[in-house]
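Got the viewer open? Let's take a short walk through a sheet and the helices beside it, one selection at a time.

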Amino acid sequence: IVIIGGGGAGLSAAVTAAKKGGRVVVLEKRRVLGGNTITAYVMFGAETPFQKRMKVDVPRDFAFKLAMGYAHWKTDPRIVRTFIDKSGDTIRWLEEKGIEFETMPNYYPDQIPRAFQIMKGGGGVMTKILAKECKDLGVQFLYQATAKRILTNMKREVTGVLAVAKDRDIKIRAKSVIIATGGYGGSKT
């Protein structure tokens with residue numbers, strides 16, 4: 001499995017794939033892992049284990065309307081709904097990895113207090129924890145490697161990735177490719 005992007009999504013995918021027995025290669029175009037995640041401190045969530053422990057009720061429907069309203073209803077509601085509905089499981093999974101959360105002060109009167117959770121140590125800590133688990137599971141990393149093209153056969157089945165590293169082309173054979181690049185900061189909507 002080739003994963004394009006070594007940020008939070010790519011590292012999470014790598015851990016999951018490696019734990020299920022996959023041989024995993026992560027392509028990261030920068031010199032370091034983390035992407036946009038490395039600068040993150042806050043996670044938005046609904047009905048998360050952290051919120052339940054804090055006795056804070058943040059219903060998923062409310063969080064969905066809040067997120068869509070913030071984006072002026074211009075984002076894909078299916079993606080936002082999935083993000084909200086999976087946020088509890090995501091935060092539970094991160095806590096199982098050792099990431100701790102704390103309450104964020106509510107500076108905005110129209111938002112439910114503690115709908116946002118602060119990651120202790122921020123995204124840098126999360127990146128380190130996930131990267132270490134990847135390495136422990138045998139995930140390979142190629143830094144300063146940019147994916148140029150997903151390779152396919154005559155039946156249009158994925159066969160790998162063509163990447164560039166140190167000014168030379170590299171073909172990596174793979175049965176699956178996960179694109180985990182750009183983050184929310186790279187989205188045009």
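Before we click anything, one term: two strands count as paired if DSSP finds at least two bridges between them. Keep in mind, too, that this is a predicted model.

**Stop 1: the sheet.** Show the strands E6, E2, E1 and E10. These four form an open sheet in just that order, and their pairing is parallel. Now color the edges: strand E6 (140–143) and strand E10 (177–179) each pair on one side only. Look along the sheet, and you'll find that neighbouring strands are turned by 20° against each other on average, direction ignored. What holds strands together in general? Strands of a sheet pair through backbone hydrogen bonds.

**Stop 2: one pair up close.** Select residues 2–4 for strand E1 and residues 25–28 for strand E2; the two pair in the parallel sense over three bridges. Which residue in E2 is the bridge partner of Ile 4? Click on Leu 27, and you've got it.

**Stop 3: a helix across the sheet.** Next, select residues 8–19. That's helix H1, which lies across E1, E2, E6 and E10 and runs at about 165° to E1.

**Stop 4: two helices together.** Keep H1 on screen and add helix H5 (residues 122–136): the two pack at an angle of about 30°, with their axes 9 Å apart. Angles under 35 degrees count as roughly parallel, so H1 is roughly parallel to H5. Their crossing is left-handed.

Finally, turn on side chains. In H1, the residues meeting H5 include Leu 11, Ala 14 and Val 15; on the H5 side, look for Met 126, Leu 130 and Ala 131, among others. The residues of this contact divide into seven nonpolar, three polar and two charged.

Methods. Residues numbered from 1 in each chain as written. Predicted model: local features only at pLDDT ≥ 70, side-chain atom pairs only at ≥ 80, totals over all residues. Heavy atoms only, no water. Axes fitted to C-alpha atoms, helices over the stretch in contact; angles between N-to-C directions. Contact = heavy atoms within 4.5 Å. Parallel < 35°, antiparallel > 145°, perpendicular 65-115°, else oblique. Left-handed = near helix turned anticlockwise from the far one by under 90°. Nonpolar A, V, L, I, M, F, W, Y, C, P; charged D, E, K, R; others polar.
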